[in-house]
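Work through the exercises below with the coordinates loaded. Each task is followed by a solution in steps.

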Amino acid sequence: MIRRLSLLTPSGRLTLGNLLGALRPMAEGQHRAQGRAECFYGLSDLHALTTPHDPAVLRERVREMATLLLAVGLDDSTLFLQSAVPQHRGLAYLLECVAHTGELNRMIQFKEKGRGVDSTRASLYTYPVLMAADILLYRAPEIPVGEDQRQHVELARDVALRFNNTYGGVFTVPRAVHPPTGARVMDLADPTRKMSKSAGDAHPGSIFLLDPPDVVRRKVGRAVTDSDTGPDPVRADRAAKPGVTNLIEILEACGGSADGLASYGGLKAAVTEAVVAVLEPIQKRYAELAADQAHVTSVYAAGAARCQEVTAPVLAAAEAAIGLA
Ligand code: AMP
């Protein structure tokens with residue numbers, strides 16, 4: 001049975017963008033894959049340590065996100081916290097001994113956010129190697145990623161090939177695949193940017209999955225539109241009308257339709273109603289799960305045990321090949 005792997009970093013609270021672009025396709029995919037693939041979905045809490053962080057905030061984000069993955073219906077998958085599977089850290093060090101500094105110097109995140117800044121955490125420099133370990137431990141042949149993650153999968157490939165050629169064939173060499181993605185949701189306050197969980201908890205352009213209906217209404221109500229005074233302002237045109245286009249796409253992804261809507265007020269009311277209807281069952285399930293944290297904890301404990309079962313032999317093989325055992 002092939003394995004599917006996807007990690008989400010708890011760098012903020014989950015947004016409507018995460019739901020429509022990633023979590024919903026993941027939830028649908030696990031049913032299509034049943035019997036043919038085992039899906040591993042993890043929270044990459046170690047990756048959240050690469051930039052300055054507050055331990056209490058991180059702990060709370062992880063708790064919320066872990067509960068939300070269950071609330072959106074990922075319960076047919078193996079759910080885990082990266083830090084609860086020590087093989088991730090164990091393999092990362094071995095791969096640091098195979099990766100080259102030249103490769104890490106070329107990684108976009110480091111080039112854009114860390115290079116030349118004295119206080120940059122060393123982990124921001126090395127985290128692509130941890131990500132290579134995340135990938136290689138599961139021996140998945142295909143890694144479904146967005147275009148922005150291609151460089152990470154390339155590094156995992158290069159490191160796997162180098163390790164295999166130098167020390168023996170331990171790793172499955174993965175390749176990036178780009179499956180049809182879900183909707184791409186733009187920021188309500190700046191529709192030229194992707195709605196992002198990293199924009200901050202107070203950012204008015206992000207709809208969070210746990211936003212109550214009145215907050216959704218307020219955020220959608222303040223969403224940027226345009227000053228089109230023509231006869232047919234409610235129409236999609238990403239270049240000329242990015243805000244309105246985004247609202248129409250959110251409405252459609254949430255099961256509604258903009259047909260017959262003649263004003264931005266009407267469009268915003270319809271978007272609010274559709275988003276609230278999508279979030280309501282998730283929030284209801286979240287409240288039930290939040291009241292039963294012992295269940296959530298046990299799901300993640302079982303997930304971590306399953307991950308260890310799968311990854312321990314891979315780490316052991318890598319240790320043996322490199323000369324440690
Ligand atoms: P990120 O929140 O950037 O770590 O991304 C986690 C996952 O959610 C990735 O699969 C992204 O492609 C997806 N995602 C994040 N933001 C959006 C968005 N605004 N629209 C669609 N998909 C998104």
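## Exercise 1: P281

P281 has its place in helix α10; helices (H or I, at least four residues) and strands (E, at least two) are DSSP runs, numbered from the N terminus. The model is a predicted one, in which local features need pLDDT of at least 70 and side-chain atom pairs count only at pLDDT 80 or more, while totals for chains, interfaces and linings use all residues. Residues are numbered from 1 along each chain as its sequence is written, and side-chain values use heavy atoms, with hydrogens and water left out.

Task: Classify P281 by its relative accessible area, and give its C-alpha separation from I248.

Solution.
- Step 1. Set the classes: buried is under 20% relative accessible area, exposed is over 50%, and partly exposed lies in between (1.4 Å probe, protein chains only).
- Step 2. P281 has a relative accessible area of 48%, so P281 is partly exposed.
- Step 3. P281 and I248 are 33 residues apart along the chain, and 22 Å separate their C-alpha atoms.

## Exercise 2: The nonpolar cores

Task: Find the largest nonpolar core and state which residues have the most contacts inside it.

Solution.
- Step 1. Collect buried Ala, Val, Leu, Ile, Met, Phe, Trp, Tyr and Cys residues and join them through side-chain atoms within 4.5 Å; such a set is a nonpolar core.
- Step 2. The largest of these sets has 55 residues, and L19 and L23 have the most contacts inside it.
- Step 3. Elements that each supply at least two residues of this core include α1 (16-32), β2 (37-43), α2 (55-71) and α11 (293-322). The largest share, 12 residues, comes from α10.
- Step 4. At least three residues of this core come from each of domain 1 (2-182 + 292-322) and domain 2 (213-288).
- Step 5. A second, separate core has 41 residues, among them F40, A92, A160 and V310.
- Step 6. List the contacts of L19 (heavy atoms within 4.5 Å). Leaving aside neighbours within four places in sequence, L19 is in contact with R24, P25, V72, L209, V278, L279 and I282.

As background, nonpolar side chains tend to be buried together in soluble globular proteins.

## Exercise 3: The two domains

Task: Describe how domain 1 and domain 2 are placed and how many residues of each are in contact.

Solution.
- Step 1. The chain is divided into domain 1 (2-182 + 292-322) and domain 2 (213-288). These bounds come from an automatic or database domain assignment.
- Step 2. Taken over C-alpha atoms, the centres of the two domains are separated by 33 Å.
- Step 3. The contact count gives 11 residues of domain 1 and 10 residues of domain 2.

## Exercise 4: The ligand site

Task: List the residues that surround the ligand, then give the N and O distances to the ligand for N18, V185 and M195.

Solution.
- Step 1. Take residues with a heavy atom within 4 Å of the ligand. The ligand is surrounded by L8, G17, N18, G21, A22, A183, R184, V185, K194, M195 and K197.
- Step 2. The largest share of this shell, four residues, comes from α1.
- Step 3. Look for polar contacts, which are pairs of N or O atoms within 3.5 Å; within protein, one must be able to donate a hydrogen and the other to accept it, and residues adjacent in sequence count only if both atoms are side-chain atoms.
- Step 4. From N18, a polar side-chain atom lies 2.9 Å from an oxygen atom of the ligand.
- Step 5. Backbone N or O atoms account for the other two: V185 lies 2.6 Å from a ligand nitrogen atom in this way, and M195 lies 2.8 Å from a ligand nitrogen atom.
- Step 6. The ligand taken alone exposes 470 Å², and the protein buries 70% of that. Accessible areas come from the Shrake-Rupley method with a 1.4 Å probe; for residues, only the protein chains shown count as cover.

## Exercise 5: Two buried residues

Task: For E64 and H203, give the location, the accessibility and the contacts.

Solution.
- Step 1. E64 is found in helix α2. Its relative accessible area is 9%, so E64 is buried.
- Step 2. Not counting residues up to four places away in sequence, E64 touches R13, L210 and Y286.
- Step 3. H203 lies in the loop between β5 (175-177) and α8. At a relative accessible area of 18%, H203 is buried.
- Step 4. With the same sequence exclusion of up to four places, H203 touches D187, A189, R193 and K219. The side chains of H203 and D187 are joined by a polar contact of 2.7 Å.

Methods
Contact = heavy atoms within 4.5 Å.
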